[in-house]
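Please examine the charged residues and the cysteines of the model shown below.

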Amino acid sequence: MKISIANKINAYLNTFFWLFLTYLSAPYFYLRIYLRTLRRGSEQSRNAPLKILVIQIGKIGDLVSTTSVFREIKRKFPSSHLTVIILSKTEGIIKNNPRVDEIIFITDYIGISGKLRLLNKLRKEKYDWAINFLPDSFGDIISFWSFIPRRITTTYRYLGEIIKLLSVFNNYRLEYKRHTPLTKHYLSLLKFMGIKDPSEEKELFIGPGEEAKALDFLNERNLSADNLLIGIGVAAGVKLKEWALDKFAALADRLIKEKNAKIIFIGSADDRVLVEQVQKMMQNNSISACGLFGLSDVSALLKKLKLFISVDTGPLYMADAVGVPVVDIAGPANFNELYSLGKRSKIIQKKIYCVPCSHMFYAPRVCKEGHLRCLKEITTEDVFNAAITLIDENTNNL
C-alpha cells in the first residue's frame with residue numbers, strides 16, 4: 001500500500017512539473033507554432049502531403065476502436081503520412097494495418113530523457129495535426145511541445161484539474177459524454193478535420209504468416225472449419241469483471257454435450273492458470289491456446305471461430321472486428337459506452353440498482369456495494385441461451 005501511494009505521489013508531482021513548464025514556456029511554444037504554420041502553409045501550397053500524428057496509448061479495445069479512425073483519415077487524405085503512438089504491447093492490433101505509415105512505441109521513451117528524445121523526433125517530422133484520443137496529460141503535452149499547429153483532444157469532466165489545465169493548449173476539444181459509445185466519440189473528433197459521416201466499422205488485418213499459424217494450430221488438433229469452434233475468454237484486466245470459473249466450466253461442458261462444440265480457451269500466458277482451473281472442473285476435453293499466440297496471431301485464430309464468449313475484455317472486440325459473433329458477459333460495465341459491438345452480438349447484463357458502475361475512463365477495482373450481484377446473478381443458462389441464439393442465427397444466414 002505504501003509503495004502504491006508513493007507511486008501516485010510521484011506521478012502527480014511529475015505531471016505537475018510538466019504542467020508548470022508548459023505554462024511557463026507557452027509564449028515561446030506559440031511563437032514557434034506560428035512560425036511553423038507559416039512555413040508549412042507555403043509547403044502545402046506546393047502539394048506537400050499532410051503529416052498526422054495519432055496518440056492512442058489505451059488498451060486493446062481502445063486501439064481496435066481507433067482502426068476506424070485510421071481508415072477515415074486515409075479516405076479523406078489518401079496521400080497523408082499517418083503516425084501512431086501506442087503502447088508496445090498493443091502493436092499486434094495494427095502491425096499489418098496498411099493505413100498506418102509509422103508506429104512509435106511510447107514505452108521506448110521512458111523518463112525525462114526519453115520524453116525529450118521523443119520530442120526531438122516529433123519536432124523534426126513537422127506534423128500538421130495531432131489527435132489525442134484519451135483525456136490524459138501525456139498527449140496534450142507532447143503535441144503542444146512538438147509545435148504541432150492543429151491539436152485535437154478528448155476532455156472529460158470527471159478527471160483531475162491538472163489534465164483540465166493542460167487541455168486548454170489544444171485548438172480543438174471535445175468532451176466525452178457518459179453513455180456514448182467510445183468508437184462514436186473517437187470518430188466525432190474527426191469533424192475538426194472536415195471528415196463527415198464516418199463509418200464505425202473496425203478493421204483488423206491478418207497477414208499470411210498469422211493465417212498459416214492459426215491453420216497449423218487447428219490441423220494439429222484435428223479441427224477444421226466444419227467443426228463448431230467456440231472460443232472462450234475467462235480473464236479480464238480488471239478482476240471486477242471476471243465471471244465465476246465454475247460457471248465457465250459448466251457452460252463449456254453444456255456446449256460440448258448439446259451442440260458438439262469444440263471449445264478453445266483464448267488468452268495470454270498470464271491467463272493460463274485460470275484456464276487450467278476451468279479445465280480441471282470440466283467433464284469434457286477442451287483446448288487451451290493461452291500463451292501460444294501473440295496479439296497479431298490471435299486475430300487469425302479468432303476469425304476461425306463460429307462464436308466467442310468472454311467477459312468484457314480486449315479479445316472480445318478483436319473477435320467482433322474480424323466478424324465473429326460474440327457474447328459479452330458485461331457485468332458491471334456500462335454497455336452503452338462499449339466499443340460499438342456489431343449486430344451479431346449479445347450483451348449479458350442484469351438490471352441491478354448499482355449497474356453500471358464501471359465507465360469509460362473510470363473503472364473501479366472492487367465492488368463498492370460488496371455483493372458483486374452484477375456477475376453472480378448471471379447464470380450459465382443466460383449465457384448458454386445467448387450463445388445458442390447467435391449460433392442458430394449464424395447457421396441460418398449461411
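The following paragraphs consider salt bridges, a buried aspartate and the cysteines in turn.

In this predicted model, the count of salt bridges comes to 20. One of these joins Asp297 to Lys213, with the closest N and O atoms 3.2 Å apart. This pair links distant parts of the chain, since Asp297 belongs to helix H10 (residues 295–303) and Lys213 to helix H7 (residues 208–220), 84 residues apart. Asp297 is buried, at 14% relative accessibility, whereas Lys213 is partly exposed at 32%.

A salt bridge within one helix is formed by Glu258 and Arg254: both lie in helix H8 (residues 245–259), 4 residues apart, or about one turn of the helix. Their closest N and O atoms are 2.8 Å apart. Glu258 is partly exposed, with a relative accessible area of 46%, and Arg254 is likewise partly exposed, at 24%. Another salt bridge, between Arg373 and Glu377, has an N to O distance of 2.6 Å. In addition, Arg71, Glu72, Arg75, Arg99 and Glu203 are linked in a network of salt bridges.

Asp271, in the loop between strand E8 (262–265) and helix H9 (272–281), is buried yet has no salt bridge. The nearest side chain of opposite charge, that of Lys239, is 6.8 Å away, and a salt bridge requires a separation within 4 Å. The side chain of Asp271 instead reaches the backbone nitrogen of Ser268 at 2.9 Å. Beyond its neighbours within four places in sequence, Asp271 is in contact with Ala235 and Cys290.

Cys290 is itself buried, at 2% relative accessibility. Cys374 is also buried, at 7%. The closest cysteine sulfur to that of Cys374 is in Cys357, 6.0 Å away, and therefore too far for a bond. Across the whole structure, 0 disulfides are found.

Technical notes. Residues numbered from 1 in each chain as written. Predicted model: local features only at pLDDT ≥ 70, side-chain atom pairs only at ≥ 80, totals over all residues. Heavy atoms only, no water. Disulfide = S-S within 2.5 Å. Buried < 20%, exposed > 50% of the residue type's maximum accessible area, 1.4 Å probe, protein only. Helix = DSSP H or I, 4+ residues; strand = E, 2+ residues; numbered from the N terminus. Lys, Arg positive; Asp, Glu negative; His and termini not counted. Polar contact = N/O pair within 3.5 Å; in protein donor to acceptor, adjacent residues only side chain to side chain. Contact = heavy atoms within 4.5 Å.
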